[in-house]
2 protein chains.
Amino acid sequence: MRHKLLILADDENKYRALIEEARLLNLELAMKPAPDVDIALGEPSRVKAALGSLPALAWVQSIWAGVEPLLDPALRRNYILTNARGVFGGLMSEYVIGYLLLHERRVLQKLEAQKSNHWEGSDTGTLRGKTIGLLGVGSIGLEVARTAKFFGMRVHGYTWSSESSPDVDRYFHPSESDRLPSLQDFANGLDYLVNILPNTNDTRKIVNADVLNALPAHALVMNVGRGPAVDESALIEALSRNKIAAAVLDVFEREPLPKDHPFWTTPNLLMTFHSAAPSLPEDITKLFIENYKSFDKGWPLKYQVDFERGY
Amino acid sequence: MRHKLLILADDENKYRALIEEARLLNLELAMKPAPDVDIALGEPSRVKAALGSLPALAWVQSIWAGVEPLLDPALRRNYILTNARGVFGGLMSEYVIGYLLLHERRVLQKLEAQKSNHWEGSDTGTLRGKTIGLLGVGSIGLEVARTAKFFGMRVHGYTWSSESSPDVDRYFHPSESDRLPSLQDFANGLDYLVNILPNTNDTRKIVNADVLNALPAHALVMNVGRGPAVDESALIEALSRNKIAAAVLDVFEREPLPKDHPFWTTPNLLMTFHSAAPSLPEDITKLFIENYKSFDKGWPLKYQVDFERGY
């Protein structure tokens, strides 16, 4: 059977070149939406906008991990939705380690000193011996855990599942009745709290005032999962009152962040505008090609999303 | 035999507490220079200043790796000099990876965007697949190599010795007649050049205009070894003319850097004021205690410095 692919991504030309180079069997590339397009590869929001003009759509490969735009119950779901997974662990680990080092090695203070012609030779901190708490220890979380162990950190993991990894020194699980006591127990004594959870009903505002209060005053909070996992007002309060030392946010409740959002002026807050784990066309195309070969043969696809569960 | 130790370090009180806690046999702590002090633990420059008032000095444990102040041929050398080694590899690796990530992940650009209320979501780079060239692959260099491999980099090493490590993909050696062709060959095609060499006659201005010209325009140069290894004028020229993309310097010809030095205003240059691998009292005291036990028994000491060779 012949297949027709529509690419809906900013990096369209890169994807096109990489896919043409792979000379995939039975595959034709469409230049625009058409009635016979049965595959879409792209950004979930752009796929969502095109859904109405793709009646034959049978499979969507998202180039991102998050597919929220396509989960709207009002939209059709009569196609296979696969997301990007397994490619972000390394990039996310670079991001987490990079910003933890920025904090520990006092990079911004050194930079300020340089600007004012001041020799600032004071000692800096180290990652070694610190305790990092990972909210979510799926494939990305485990890669972050492995990297944290490499740098001599102690790793705590908070998870709903029961898997175990040698890179996680201690697991915390939500209790049946109320997840909060266990979460505060998890937050207690962490040097760094990193949220890597997807956006689901269970994870909304999981990093709330109680969790922030349970952290020590020198703690750093990082969010690389999804914006709604952090109670933004509680975080602003915690940073403004120095209840925690710093926060690094890649994701937000609303993206792009509204111009009048208080985060723009919150002290000790760094923002990176949803760029922590970019979808590199080389990585995503490899995944697409693997899935395409299965799709063409009628086999099951990798990383299929459950529309109900949301990931 | 009784021994008397004088501590000459900014962190004197920390060292004193750690050493008292260890209850070392036959050891007394001096509060100031005295005729019967036979051991000094401290910063080389402060030990140098005290040499004249320590006639019984038999052993100096430097808390730093670099011991230049004590190598002056005009000074006495009738004592054993040991330096700090084996403790800086992890700290130096954190520093190198931290600043490489700052560069690749465009941290400063994101920071500027945040200051001007601008959502800057453009993709950033990665360490994976990059080639790092290490000038010097001793104990610190090998730890940096191991860390670079962890992040998926290719590692090239330039060294006078013939040792080999699985974490170095390719070695370069100076040729007998002239080291330059081999050095330029080494520099060619590197994404990052990191100097970790000590200060010796062989290493002075080893990173010169020829080496800088051999690097690609996107290359980053880092100096965490000793200042004199880099030809400072050549580096200013290379940065000002965009022959290389950036430089990160922890060490300088003259420290503290003179107030009128052009580095303060050189573009794409970050300075960290000799703080890359701090001597943490916990680490150094562990080393001191191990060496003290040998010294008390008349056994050979670890990391003894050859006054002629300079390390």
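Here is a short chat about how chains A and B meet and about a sheet in chain B.

Trainee: Before we start, what kind of model is this?

Mentor: Residues are numbered from 1 along each chain as its sequence is written, while chains are lettered from A and ligands numbered from 1 in the order in which they are written. Local features need pLDDT of at least 70, side-chain atom pairs count only at pLDDT 80 or more, and totals for chains, interfaces and linings use all residues, since this model is predicted.

Trainee: Which helix gives the largest share of the side of chain B that touches chain A?

Mentor: Two residues are in contact if their C-beta atoms, placed from the backbone, lie within 7 Å. The contact takes 36 residues from chain B and 36 residues from chain A. Helices (H or I, at least four residues) and strands (E, at least two) are DSSP runs, numbered from the N terminus. With eight residues, the largest share on chain B's side comes from helix 3.

Trainee: Which strands are the edges of the open sheet in chain B?

Mentor: Two strands pair if DSSP finds at least two bridges between them. Seven strands of chain B line up in the order 8-7-6-9-10-11-12, with parallel pairing. Those that pair on one side only are strand 8 (170–172) and strand 12.

Trainee: And in strand 8 of chain B, which residue is the bridge partner of B:H156?

Mentor: Strand 7 (residues 154–158) of chain B runs parallel to strand 8 of chain B, and three bridges join them. The partner of B:H156 there is B:R170.
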